[in-house]
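Please keep the model open while you read this note. Each point below takes one topic and can be checked by eye.

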Amino acid sequence: MMLGCLATVAGLGAIAQPASAQAAYGSYVGAGATFGINDGPQGNGRQIGGVLAVRYKLLELPLSLRAQALIGSGTAVVPTISYDVPINWQTDAYLGVGAAFASGDTPSPVGDKTSFALQPGVDYVVPNSNTVLFGNAIIAFDAYRNGGGTAVSVQGGVGLRF
């Protein structure tokens, strides 16, 4: 009898799948603040502005499509595709790759010309709600018309999952 119980438990243990965290589910739209931290000959100094953010989570893949509009002295739109890494059930870290499209003659928080961009960040879903807290940086390479240079901005805000 005891041997039969042990065999049953061992058999169940052999077919059980380990639990694993998945990237925070849900797409969201959000708003917050952006801080351009660009000093030097190409940068226009530090700049504070607003950010509008959208994340579209591709289900069953650890990928998201993201876009941010940065509004400071100038404006820029930064679309990226990100690889999402779950930290726990509410939090995921990500690294996005895309481009920064700046408009106008006044530099935005990420420069004044179209450039390659990296976007590391974190999304946190507030438990038992549709609220997301997000934070990220955008690093735009060769971001200025007069002399290239790298532009860096840091964003944070609150989103609503859909």
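1. Start with the charged side chains. A network of salt bridges links R55, K57, R66, D84, D92 and D123. This is a predicted model, so read every distance as a property of the prediction. Across the model, the salt bridges number eight.

2. Take R55 and D123 next. These two residues form a salt bridge, and their closest N and O atoms are 3.7 Å apart. The pair links distant parts of the chain: R55 belongs to strand β2, while D123 belongs to strand β6, which covers residues 115–125. In sequence, R55 and D123 are 68 residues apart.

3. Are R55 and D123 buried or exposed? R55 has a relative accessible area of 2%, so R55 is buried. D123 has a relative accessibility of 0%, so D123 counts as buried too. The cut-off behind both calls is a relative accessible area under 20%.

4. Now move to D84. Which side chains does D84 meet in salt bridges? One of them is K57, at 4.0 Å from N to O. D84 lies in strand β4 (residues 75–86) and K57 in strand β2, so this salt bridge ties together parts that are 27 residues apart in sequence. Another is R66, at 3.4 Å from N to O. Here D84 in strand β4 is linked with R66 in strand β3, and the two residues are 18 residues apart.

5. Check the burial of these residues as well. D84 is buried, with a relative accessible area of 2%. K57 counts as buried at 5% relative accessibility. R66 counts as buried at 6% relative accessibility. Each value is under the 20% cut-off, so each residue gets that label.

6. R66 also brings us to the cavity. How many cavities of 30 Å³ or more does the model have? The count comes to one. The largest cavity holds about 40 Å³ of space. Its lining is made of Y28, A53, V54, R66, A67, Q68, Y94, F134 and N136. So that you can place R66 twice: R66 is in this lining, and R66 is also in the salt-bridge network.

7. Which elements give two or more residues to that lining? They are β2, β3 (63–71) and β7 (131–141). Strand β3 gives the most, with three residues. By residue type, the lining of the largest cavity divides into six nonpolar, two polar and one charged.

8. Finish with Q47. This residue lies in strand β2, which runs over residues 45–58. Q47 is buried, with a relative accessible area of 5%. The side chain of Q47 reaches the backbone nitrogen of S73 at 2.4 Å.

9. What else does Q47 touch, leaving out residues up to four places away in sequence? The list contains T34, F35 and G36. It also contains G72, S73 and G74. P107, S108 and P109 complete the list. Note that S73 appears here and also in the side-chain contact with Q47.

How values were computed: Residues numbered from 1 in each chain as written. Predicted model: local features only at pLDDT ≥ 70, side-chain atom pairs only at ≥ 80, totals over all residues. Heavy atoms only, no water. Helix = DSSP H or I, 4+ residues; strand = E, 2+ residues; numbered from the N terminus. Buried < 20%, exposed > 50% of the residue type's maximum accessible area, 1.4 Å probe, protein only. Polar contact = N/O pair within 3.5 Å; in protein donor to acceptor, adjacent residues only side chain to side chain. Contact = heavy atoms within 4.5 Å. 1 Å grid on protein atoms, 1.4 Å probe; cavity = no way out; pocket = protein on both sides within 12 Å on 5 of 7 lines; lining within 4 Å. Points joined across faces, edges and corners; volume = space filled by probe spheres on them. Nonpolar A, V, L, I, M, F, W, Y, C, P; charged D, E, K, R; others polar.
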